[in-house]
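Good morning, and thank you for joining this group meeting. Please take a moment to look at the sequence and the structure before I begin.

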Amino acid sequence: MTEQDEELRAMATHRGLKLVKSRRRKPGGDFGLYGLKDASGAEVFGFGDGGLVADAEGIRAYLRGGMRSDWSTSVQTTPGPKRAPKPTAKPVPKPKPTPPPKPRFKPDVANLLRDLPEAKEEEAFDDLLKRPGTRIERIVSRGQATAEDTPMVQAWDEWVILLEGAAGIRIEDSAEVRLAPGDHLLIAAGQKHWVTWTARDRPSVWLAVHLNE
């Protein structure tokens, strides 16, 4: 194979084609001429009715023309370098939430078990709430009891709960009951009743609700 044949074959291979060269030496034949086939063997260039018809320059020109065409197509279809995206606009900050309105009312919170009176001599009575037909009071005892001959009695119902301390109570026609914190009972209107004892070492705190007073 000549140097020219090697050049043409390399160019054809680069284009994905196969170089064909005639070796027939018949007078008037196609000896020394070339043709090109594709990978499937189909004739692409340089073939005539009597055989091969393209010389070396024709093959070279065809392949170079194809190369220029490929290069031009590549330039047109190959995307250029990617540009950095334009910076987007800064996000608009969300508006600050509207602060809640300042309260116009402040609850008056008190505690039944703080700042207790000593109640060493007598029980201490404090009205906490008064409404038509209802009165709520706190009673603080410390060792006091009801005399047997002077029972307590009222013309309305009384619901009472022991919040702190310890005490005993007896209602007419019943036995004494011992009360601990959280114990409560209802004293009906007209019932005689006695606080039989209260703790001496600590205050006993009652909450009494007078109904239909």
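**Thr150 and its surroundings**

Let me begin with a single residue: Thr150 has a relative accessible area of 47%, so this residue counts as partly exposed, since that class lies between the limits of 20% for buried and 50% for exposed. I should say at once that we are looking at a predicted model. Where in the chain is Thr150 found? Thr150 belongs to the loop that links strand S7, residues 134-141, with strand S8, residues 157-164. His193 is 43 residues away from Thr150 in sequence, yet the two C-alpha atoms are 9.4 Å apart in space.

Let us now step back to the whole chain. The chain contains two helices and 13 strands. It has 213 residues, and 28% of them count as buried. If we take the contacts with a separation of 6 or more, 55% of them come from residues 24 or more positions apart.

I turn next to the sheet that holds both S7 and S8. What is the order of its five strands? The order is S6-S7-S13-S8-S11, in an open sheet with antiparallel pairing. Strand S6 (124-131) and strand S11 (184-187) are at the edges; each has a single partner strand, and therefore one side of each has no neighbour in the sheet. On average, neighbouring strands of this sheet are turned by 20° against each other, direction ignored.

Consider the two edges in turn. At one edge, seven bridges pair S6 with S7 in the antiparallel sense, and Lys130 stands opposite Arg135 in S7. These two strands form a hairpin with two residues between them. In the turn, Gly133 has a positive phi of about 85°. At the other edge, S8 and S11 run antiparallel and are joined by four bridges. Here Trp159 has Leu186 in S11 as its bridge partner.

Finally, we come to the pockets. Rolling a probe the size of a water molecule over the atoms shows where empty space is left. The largest pocket has a volume of about 210 Å³. Which residues lie nearest its centre? Of the 14 lining residues, these are Phe125, Ile139, Met152, Glu158 and His193. Two or more lining residues come from each of S7, S8, strand S12 (193-198) and strand S13 (204-211). By class, the lining comprises eight nonpolar, three polar and three charged residues.

Thank you for your attention.

Terms used: Residues numbered from 1 in each chain as written. Predicted model: local features only at pLDDT ≥ 70, side-chain atom pairs only at ≥ 80, totals over all residues. Heavy atoms only, no water. Buried < 20%, exposed > 50% of the residue type's maximum accessible area, 1.4 Å probe, protein only. Pairing = 2+ DSSP bridges. Axes fitted to C-alpha atoms, helices over the stretch in contact; angles between N-to-C directions. 1 Å grid on protein atoms, 1.4 Å probe; cavity = no way out; pocket = protein on both sides within 12 Å on 5 of 7 lines; lining within 4 Å. Points joined across faces, edges and corners; volume = space filled by probe spheres on them. Nonpolar A, V, L, I, M, F, W, Y, C, P; charged D, E, K, R; others polar. Contact = heavy atoms within 4.5 Å.
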